[in-house]
Amino acid sequence: MSGTSPEPDRRIDRNLFVTVSGPPGCGATTLVEGIAESLDCGYVSGGELFREIAAEREMSLSQLIAETGESEEIDRALDRRLRRIAEKWGTANKAFVLESRLAGWIAGNRADIRIWLDAPDEVRADRTADREEMTSEMQVREVIEEQRYKSYYDIDLNDRSIYDLVINTGRWDAEATLDVALTGIERYDVDADEGAFDTPDFEI
């Protein structure tokens with residue numbers, strides 16, 4: 001999924017807290033940037049927070065990933081940072097976008113709209129071929145993360161019921177994916193909302 005910017009006249013004046021989640025190569029970063037530009041707001045990426053933690057510990061991404069397999073402290077440190085951000089923006093009544101694989105669960109009922117992106121494995125592998133982290137490493141990390149989150153928080157990452165929009169980005173390009181997401185955000189009617197799936201807080 002190549003990068004894109006929203007159409008110049010596609011500006012949305014909505015004070016909504018939006019989360020975007022999905023596995024590596026799903027197009028989350030591209031979508032988040034487009035949404036943030038349309039809403040004229042800030043955003044935070046879980047990947048960037050993970051890199052911050054690696055830099056703070058003077059470790060490479062591969063080293064930090066390896067260490068997460070030996071201790072749950074790193075995962076929880078990242079999740080605590082995400083939770084603090086979600087708590088701040090969940091009550092701010094301002095537009096904001098939070099991206100990470102667990103963002104929808106961590107933000108829970110604080111989020112106005114939760115989006116999940118995915119694409120077939122071969123599509124995501126092609127998109128991530130030039131990243132520092134090898135495709136094989138990311139695939140292993142995906143499986144391990146699913147097991148960890150189930151163990152840590154009793155969360156099933158394959159449960160898509162909490163998401164308001166689920167988009168297969170292998171079937172639409174970046175511009176079309178952004179258009180779908182923006183349409184959902186723009187047409188969200190708080191008064192007509194019959195209720196998101198309840199997502200209780202969990203201890204991190």
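This is a dialogue between a student and a tutor about reading a predicted protein model.

Student: Where do I start? How many helices and strands does the protein have?

Tutor: Start by counting the elements, and keep in mind that this model is predicted. The protein has eight helices and five strands. Then read their order: from the N terminus on, the elements run β-α-β-α-α-α-β-α-β-α-α-β-α.

Student: What is the order of the strands in the sheet?

Tutor: The order in a sheet is about who sits beside whom in space. Here the five strands form an open sheet with the order S2-S3-S1-S4-S5, and the pairing is parallel. Strand S2 (42–45) and strand S5 (165–168) stand at the edges with a single partner strand each, so one side of each has no neighbour in the sheet. On average, neighbouring strands of this sheet are turned by 15° against each other, direction ignored.

Student: How many bridges join strand S4 to S5?

Tutor: Four bridges join S4 (residues 113–118) to S5, and the two strands run parallel. To see a bridge for yourself, find Ile115, whose bridge partner in S5 is Leu165.

Student: And the helices? Which strands does helix H1 lie across?

Tutor: For a helix, look at the strands it lies across and at the angle between directions. Helix H1 (residues 28–39) lies across strand S1 (17–21), S2, strand S3 (96–99) and S4, and runs at about 175° to S3. Now try H8 (174–186). Helix H8 lies across S1, S4 and S5, running at about 170° to S5.

Student: What is the radius of gyration of the protein, and what would a compact globule have?

Tutor: A compact globule with 204 residues would have a radius of gyration near 17 Å; the protein has 16 Å, which agrees. Along its principal axes, the C-alpha trace spans about 45 × 35 × 30 Å.

Student: What share of the residues count as buried?

Tutor: Of the 204 residues, 48% count as buried, where buried means under 20% relative accessible area. For the outside, the accessible surface comes to about 10500 Å², and 44% of this belongs to carbon and sulfur atoms. Contacts are worth a look too: among those between residues at least 6 apart in sequence, 81% join residues at least 24 apart.

Student: Could you show me one residue in detail? Which residues does Asp201 touch?

Tutor: First place the residue: Asp201 lies in the segment after helix H8. Not counting residues up to four places away in sequence, Asp201 touches Arg83 and Arg110. A polar contact of 2.9 Å joins the side chains of Asp201 and Arg110. You can also compare sequence with space: Asp201 and Tyr153 are 48 residues apart in sequence, and their C-alpha atoms are 9.8 Å apart.

Student: What can phi tell me about a residue?

Tutor: The general idea is that most residues other than glycine have a negative phi. Look out for the exceptions. Asp40 has a positive phi of about 55° although it is not a glycine.

Student: Where is Asp40 found, and is Asp40 buried or exposed?

Tutor: Asp40 is found in the loop between H1 and S2. With a relative accessible area of 69%, Asp40 is exposed.

Student: What is phi of Asp154 near?

Tutor: Phi of Asp154 is near 60°, a positive value in a residue other than glycine. Asp154 is found in the loop between helix H7 (135–153) and S5, and this residue is exposed, with a relative accessible area of 55%.

How values were computed. Residues numbered from 1 in each chain as written. Predicted model: local features only at pLDDT ≥ 70, side-chain atom pairs only at ≥ 80, totals over all residues. Heavy atoms only, no water. Contact = heavy atoms within 4.5 Å. Polar contact = N/O pair within 3.5 Å; in protein donor to acceptor, adjacent residues only side chain to side chain. Pairing = 2+ DSSP bridges. Axes fitted to C-alpha atoms, helices over the stretch in contact; angles between N-to-C directions. Rg over C-alpha atoms; globule rule 2.2 N^0.38 Å. Buried < 20%, exposed > 50% of the residue type's maximum accessible area, 1.4 Å probe, protein only. Areas by Shrake-Rupley, 256 points an atom, 1.4 Å probe, with all protein chains shown as cover.
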